[in-house]
Amino acid sequence: AAVVVLGNWWWIAEASSYARYVYKPLEASAAVGADGRLTLELRDPGWIALRRIDDFVPDHGHLMHLFVVSPSLDRFWHLHPNDTGSSAFEQRLPDMPRGEYELFADVVHSTGISETITSRIDPPEIRGAPLTGDDSAWADPPPGMVPDAAPLPDGRMVWLRDSQPLKAGQLTMFTFRVDDAAGAPATDVELYMGMPGHAIFISRDRRVFAHVHPSGSASMAAMQIGERSLRGAASPASAASQDHTHPAGGLPPVVSFPFGLPQPGDYRIFVQIKRGGRIDTGAFDARVD
């Protein structure tokens, strides 16, 4: 009996100690005011004492990248709330139909560690502010579209893939080409927030979310912090990567994203590029075995 009691005490003590060090993501409470203003209040669930919620650094020129999606993934917004200075972010939402939406907010700490904070809102219909700057929106195109080809306002985006099925846990290069209205490769692609493109992978059950760049899933801010720590100062390459402007027509119309989908299931991939000052979004469905 003593062995059982002591063993149980030891097991509880070890499990409690281990639980204190298991990663716990930041949490957020989301609320939408009568004027359509979203307030996202952050809180630390108490993972480790060293973690802070006031040390975020800009990534692609913004402290937060907020992705808002409907449960069926037929509506998508990429927004950039402002820091209020009190562990909260605010954003005047654009026009949104009544319904439930899920939020995925990407932030980067001063250490280079990135986190994705999740929350939900269920607002009435919002007559909000027009999209400005780097903010963008997408709505599901009408049925009957050509597979692996997403319509754009002035052309289309084509997923360049082979006939091999996608496998979970296998690194895959997702490559997309932008065509103009005549069907020729576009010549007006430019950098969008310092990158040729951004890809957002979301599983249909919304249990998987990833914001990926052509350089991989590491944030630009984390890579710049790493460069500075290795070189002792910002290198010419890192300084150039902070320049978020690029003359129109200077980028090729093909962009690729390396990523390994972590589990089987159905996914939607949102690919965002910038053409002539306009942000275009293509959406593609993928089945992962």
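1. A word on terms before anything else: a residue counts as buried when its relative accessible area is under 20%. Arg268, with a relative accessible area of 7%, is therefore buried. Please keep in mind that this is a predicted model.

2. Now to the partner of Arg268. Its side chain forms a salt bridge with Asp285, with the closest N and O atoms 2.8 Å apart. Arg268 belongs to strand E17 (residues 265-275) and Asp285 to strand E18 (residues 278-288), so the pair ties together parts that are 17 residues apart in sequence. Unlike buried Arg268, Asp285 is partly exposed, at 42% relative accessibility. The pair also belongs to a wider group: Asp140, Arg204, Arg268 and Asp285 are linked in a network of salt bridges.

3. Another pair worth a look is Asp280 with Arg275, whose closest N and O atoms are 3.9 Å apart in a salt bridge. Asp280 counts as buried at 1% relative accessibility, and Arg275 counts as buried at 2%. If you plan to look at charges, note that the structure holds 16 salt bridges.

4. Arg120 and Glu100 offer a case with more solvent around it, in terms of accessibility: Arg120 is exposed at 52%, while Glu100 is partly exposed at 35%. Their side chains meet in a salt bridge, 3.5 Å from N to O. Arg120 sits in strand E8 (residues 114-121) and Glu100 in the loop between strand E6 (88-92) and strand E7 (101-108), so this contact joins parts 20 residues apart in sequence.

5. On to the strands around E4 (residues 75-79). Four of the five residues of E4 are buried. Strand E3 (residues 65-69) pairs with E4 in the antiparallel sense over four bridges, and Val68 stands opposite Trp77 of E4. The hairpin of E3 and E4 has five residues between the strands, and there Leu73 takes a positive phi near 60 degrees. E4 also pairs with strand E9 (residues 136-139), again antiparallel and over four bridges; here Arg75 has Ala139 as its bridge partner.

6. Finally, the chain as a whole. There are three helices and 18 strands, and 42% of the 289 residues count as buried. Among contacts with a separation of 6 or more, 65% come from residues 24 or more positions apart. The accessible surface comes to about 14700 Å², and carbon and sulfur atoms hold 55% of that surface.

Methods. Residues numbered from 1 in each chain as written. Predicted model: local features only at pLDDT ≥ 70, side-chain atom pairs only at ≥ 80, totals over all residues. Heavy atoms only, no water. Buried < 20%, exposed > 50% of the residue type's maximum accessible area, 1.4 Å probe, protein only. Helix = DSSP H or I, 4+ residues; strand = E, 2+ residues; numbered from the N terminus. Pairing = 2+ DSSP bridges. Contact = heavy atoms within 4.5 Å. Areas by Shrake-Rupley, 256 points an atom, 1.4 Å probe, with all protein chains shown as cover. Salt bridge = Lys/Arg side-chain N within 4 Å of Asp/Glu carboxyl O.
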